[in-house]
There are 2 protein chains.
Amino acid sequence: MVRVREFDKEKALDAAMQVFWEKGFEATSLTDLTMAMSIQRPSLYLAFGDKQQLFETALRKYTQWHAATIRTKLQSKPSVREAFRGFFSDLVEEEYAGAGTPGCFCINTMVELAPRDEKFEIITREHQTYLAVLFQETIERGIHTGELQQDISAKKLAQSLVVSLVGITVMMKARPERTFIDNAVAVTLSLL
Amino acid sequence: MVRVREFDKEKALDAAMQVFWEKGFEATSLTDLTMAMSIQRPSLYLAFGDKQQLFETALRKYTQWHAATIRTKLQSKPSVREAFRGFFSDLVEEEYAGAGTPGCFCINTMVELAPRDEKFEIITREHQTYLAVLFQETIERGIHTGELQQDISAKKLAQSLVVSLVGITVMMKARPERTFIDNAVAVTLSLL
DNA sequence: AGTATAATATACTATACGGTACAATAAGGG
DNA sequence: CCCTTATTGTACCGTATAGTATATTATACT
């Protein structure tokens with residue numbers, strides 16, 4: 001290395017992640033990216049490869065961050081029921097508080113790219129599968145502490161909760177009346 | 001009308017619907033459309049307006065067809081539990097039978113366009129809201145016949161089922177192991 | 001039959017896209 | 001202090017895009 005990079009690669013990647021998260025792959029142009037990242041086009045290609053490689057790198061960073069966030073939230077409360085309740089409540093609250101969030105980058109990618117690119121089908125599937133494991137471990141914790149009934153299937157329930165999470169996240173993009181989502185969350189939590 | 005249109009407008013619209021359904025709005029080019037519709041570009045603009053207007057028309061046709069399909073399926077069996085079981089089973093079976101379906105056009109649009117265009121936010125919201133009504137009426141039928149318990153909230157349960165439907169449809173795009181989806185469906189149906 | 005009018009086909013526009021060639025620049029090693 | 005080498009800025013490339021001008025064709029009405 002004879003000349004040092006002038007920009008922070010991780011900060012630039014975060015900026016790219018934000019743009020892809022909000023707009024998706026197709027609707028994001030290289031101009032959108034270079035503006036958000038505050039770098040020139042050749043610097044982008046040198047540091048991250050082409051548009052799709054940059055997207056993949058951004059998505060992988062997102063899934064890691066997302067999994068860590070969820071893991072922390074689920075472990076934040078001793079009561080498993082309270083942990084799930086808090087998790088879903090925050091999700092809904094964040095969406096209805098302001099002008100709306102870009103939802104989940106991974107879910108957006110599942111819809112836009114997974115059907116036509118196996119690479120993204122795999123990345124998104126593995127992430128959702130991992131979330132199911134996180135949910136399952138949390139439910140098993142509740143069973144061990146006696147908070148939850150012993151006869152429930154932690155795995156099946158966890159997978160069902162992931163499906164509900166996906167459904168809620170996507171439904172909120174249409175901004176239905178809040179009671180719609182609150183009711184769905186309440187019914188989902190009644191499974192615990 | 002002095003010269004008659006040479007193509008079948010409804011057939012052309014169906015072809016456009018199929019393309020938008022599979023590829024989404026951004027990834028569909030006018031060339032994709034005119035080839036699928038077997039018409040020339042000026043004919044498209046004359047008959048359907050620009051790309052976005054055509055997309056909207058196609059989406060509205062889809063939601064009407066989709067609602068009618070679901071209504072029929074739910075009314076096809078005297079048992080409400082059997083009706084829902086059949087509905088979700090068919091949904092999963094169709095996806096895992098072959099190479100995969102394009103999912104739900106309305107859900108795809110919720111993810112791609114609803115966050116950045118209020119028009120599509122409204123269209124998709126109204127469709128999902130209508131599906132919840134269809135589900136609710138079906139559940140109420142089950143309560144009246146005595147098949148389902150009287151103390152359940154048909155509305156809340158229906159809204160939760162719609163969320164599960166959305167979640168399952170989106171999750172399947174990542175093609176997880178079939179047991180994942182089957183388990184989620186089983187847990188969802190256990191609410192009835 | 002001739003004419004008005006709408007649908008068609010060809011060809012074109014202006015623009016935006018992803019990606020890159022090339023020259024200028026800046027730092028570390030000898 | 002020069003020379004090597006990686007990064008940067010500018011300017012560009014070919015292509016694909018959405019949309020349209022124009023001329024031609026075909027029908028229904030007078």
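This note covers a helix pair in chain B and the protein surface around DNA strand C, in a model that is predicted.

1. In chain B, the axes of helix α1 (residues 9–23) and helix α2 (residues 30–37) come within 8 Å and cross at roughly 140°. That angle makes α1(B) oblique to α2(B), since only angles over 145 degrees count as roughly antiparallel. The crossing in which α1(B) passes α2(B) is right-handed.

2. On the α1(B) side, this contact is made by A12(B), A15(B), A16(B), V19(B), F20(B) and K23(B), while α2(B) contributes D32(B), L33(B), A36(B) and M37(B). Sorted by class, the contact between the two helices has 8 nonpolar residues, no polar ones and 2 charged ones.

3. Around DNA strand C there are 19 residues, of which R3(A), L30(A), Y45(A), V2(B) and E6(B) come nearest. The residues of this surface divide into 8 nonpolar, 4 polar and 7 charged. Seen from the nucleic acid, 57% of the atoms of DNA strand C within 4 Å of the protein belong to sugar or phosphate, and the rest belong to bases.

4. Three side chains of chain A can be placed against specific atoms of the strand. A polar side-chain atom of R41(A) lies 2.9 Å from a base nitrogen of DNA strand C, whereas for Y45(A) a polar side-chain atom lies 2.8 Å from a phosphate oxygen. An N or O atom in the side chain of K51(A) is 3.0 Å from a phosphate oxygen of DNA strand C. The elements giving two or more residues to the surface near this strand are α3 (41–48) of chain A and α3 (41–48) of chain B.

Methods:
Residues are numbered from 1 along each chain as its sequence is written. Chains are lettered from A and ligands numbered from 1 in the order in which they are written. This is a predicted model: local features need pLDDT of at least 70, side-chain atom pairs count only at pLDDT 80 or more; totals for chains, interfaces and linings use all residues. Side-chain values use heavy atoms; hydrogens and water are left out. Axes are lines fitted to C-alpha atoms, for helices over the stretch in contact, and angles run from 0 to 180 degrees between N-to-C directions. Helices (H or I, at least four residues) and strands (E, at least two) are DSSP runs, numbered from the N terminus. Angles under 35 degrees count as roughly parallel, over 145 as roughly antiparallel, 65 to 115 as roughly perpendicular and the rest as oblique. A crossing is left-handed if the near helix is turned anticlockwise from the far one by less than a right angle, and right-handed if clockwise. Contact means heavy atoms within 4.5 Å. Ala, Val, Leu, Ile, Met, Phe, Trp, Tyr, Cys and Pro count as nonpolar, Asp, Glu, Lys and Arg as charged, and the others, Gly among them, as polar. A residue is near a molecule or strand if one of its heavy atoms lies within 4 Å of it. A polar contact is a pair of N or O atoms within 3.5 Å; within protein, one must be able to donate a hydrogen and the other to accept it, and residues adjacent in sequence count only if both atoms are side-chain atoms.
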